[in-house]
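Me: I am new to this structure and would like a close look at how its side chains pair up with each other. Please go through it slowly, and add what is needed about the surroundings.

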Amino acid sequence: MDGGLYVHVPFCLTRCGYCDFNAYSGLGHLADSYVDALLAEADLLASGWRDVPFVSVFYGGGTPTTLGASELARTLTHVRSRFDVATDAEITIEANPDTVDESKLGALLDAGFTRLSMGAQSFDEGVLLSLERVHSPDSARRAFGAARAAGYANVNIDLIYGTEGESIGSWRRTLEEAIALGPEHVSAYALTIEPATPLGREVASGARPAPDPDLQADMFEVACELLASAGYRHYEISNWAKPGFECVHNLGYWRGRPYLGLGAGAHSFRNDRRWWNVRPPIQYLVEVGAERAPVGGEEHLDAGQLRLERVSLGLRTSEGIRIDGIDAARAAPYLEEGLLQRLAATDPGSPFLGNTGDARWKLVACGDVPGDRWKLFRRTP
């Protein structure tokens with residue numbers, strides 16, 4: 001089965017208060033050693049993945065573009081030499097606006113990074129300040145223009161909605177600005193409060209309010225409306241794409257494909273096993289330096305857990321799942337009673353039933369919204 005390869009770069013210019021990713025500011029002095037460790041980890045693991053053709057590579061973080069273009073190019077060249085990466089594989093790199101310019105982006109494109117994911121988050125200055133982002137709306141616009149000037153033809157813009165003080169009007173303007181730029185892909189995520197983050201602690205103490213779920217649901221519907229009218233297909237809860245520009249790498253996660261993660265805190269999955277690397281970058285360097293796979297933990301999923309995971313991941317996408325795939329006989333009474341109505345959602349008026357070539361029941365999810373907006377759809381002969 002085709003797989004995906006993830007490379008984690010944990011360095012950031014600053015650490016945002018809402019972020020619970022394995023990311024660190026102030027560790028730039030480890031960059032050269034970290035790059036060497038990534039190459040060494042690839043060497044350690046390559047033999048166990050010889051039978052997996054990789055159709056995507058994704059550099060995430062952190063902020064991968066805190067590293068120089070030459071260091072990033074060196075890691076990608078090494079990954080291609082150690083693993084069976086398809087010549088036409090989707091190669092994505094995440095970037096924050098203040099870490100790139102036209103020259104650097106051109107060098108990354110020449111190195112083989114064919115898809116750029118830009119962390120704009122908002123085009124409202126107040127929202128960016130609330131999120132503790134260090135870039136401005138203007139720097140996001142400039143970075144997008146630099147990407148186009150460098151030759152990028154596949155660009156994603158990341159957005160976050162539901163921030164303290166953000167209104168429907170502000171969110172609508174952010175979406176309109178993003179659409180006006182013309183990216184091939186838009187990811188829009190509702191702000192989530194993670195307890196272990198600075199923002200999570202502030203919310204828990206009452207110092208800051210939690211996001212309003214009803215307002216976020218309204219914002220979600222605005223996104224569905226505006227992006228659909230601009231020609232973007234809503235193919236996953238938080239992701240919209242122009243036709244043919246769906247993210248291959250993320251589709252692999254949702255379809256249950258195997259994936260290998262390199263770097264501090266990176267996760268991997270294959271067959272019934274999921275494992276993850278140690279999180280602290282220094283510990284990661286020590287483990288790889290001792291020629292040990294830097295595994296920090298693992299779990300094995302039984303048949304029931306795997307089935308549940310396939311259902312939950314499938315319901316994130318416009319492909320949905322076929323009810324016969326989760327035992328149609330057991331599902332039928334719940335369907336008849338209407339008890340499965342909360343398992344699937346769709347945009348108002350959006351034909352999100354897909355085309356599987358048959359007329360069986362199918363659950364489809366494409367919206368992370370409150371219960372009274374969840375609906376069940378079925379295909380009929």
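Reply: A disulfide is counted here when two cysteine sulfur atoms lie within 2.5 Å of each other. In general terms, such a link is a covalent bond between the sulfur atoms of two cysteines. The model shown is a predicted one. With that cut-off, a search through the whole structure comes back with 0 disulfides. C19 shows how a cysteine can miss it: the closest cysteine sulfur to its own belongs to C12, and at 6.4 Å the two are too far apart for a bond. C19 is a buried residue, since its relative accessible area is 14%, and buried means under 20%. Another cysteine, C247, is also classed as buried, at 1% relative accessibility.

Salt bridges are another matter. The model has 15 of them, counted where a side-chain nitrogen of Lys or Arg is within 4 Å of a carboxyl oxygen of Asp or Glu. Three of these pairs can be followed in turn.

One joins R273 to E298, with 2.7 Å from N to O. R273 belongs to strand β13, which covers residues 273–277, and E298 to strand β14, residues 295–300, so this contact ties together parts that lie 25 residues apart in the sequence. R273 has a relative accessible area of 25% and is therefore partly exposed. For E298 the value is 44%, so E298 is partly exposed as well.

The neighbouring positions form a pair too: E299 and R274 meet in a salt bridge, at 2.6 Å from N to O. Here again distant parts of the chain are linked, as E299 sits in β14 and R274 in β13, 25 residues away. E299 is partly exposed at 31% relative accessibility, whereas R274, at 12%, counts as buried.

A network also appears: D138, R141 and E177 are joined by salt bridges that share partners. Within this network, D138 and R141 bring their closest N and O atoms to 2.4 Å. This pair does not span two strands; both residues belong to helix α5, residues 137–150, and sit 3 residues apart, which is about one turn of the helix. D138 is partly exposed, with a relative accessibility of 43%, and R141 is partly exposed at 29%.

Now for the surroundings, beginning with strand β1, residues 3–9. Of its 7 residues, 7 are buried. From this strand G3, L5, V7 and V9 point one way, while G4, Y6 and H8 point the other way, and all of them are buried. Two other strands pair with β1. Strand β4, residues 53–61, runs parallel to β1 and is joined to it by 7 bridges; at one place V9 faces G61 of β4. Strand β11, residues 259–262, is also parallel to β1, with 4 bridges between them, and in that pairing V7 is opposite L262.

A last stop is a loop, the one that connects β9 (233–236) with β10 (239–241), where I237 is found. I237 has a relative accessible area of 10%, so this loop residue is buried. Its C-alpha atom is 8.8 Å from that of A188, although I237 and A188 are 49 residues apart along the chain.

Note on methods. Residues are numbered from 1 along each chain as its sequence is written. This is a predicted model: local features need pLDDT of at least 70, side-chain atom pairs count only at pLDDT 80 or more; totals for chains, interfaces and linings use all residues. Side-chain values use heavy atoms; hydrogens and water are left out. Buried means under 20% relative accessible area, exposed over 50%, partly exposed in between (1.4 Å probe, protein chains only). Two strands pair if DSSP finds at least two bridges between them.
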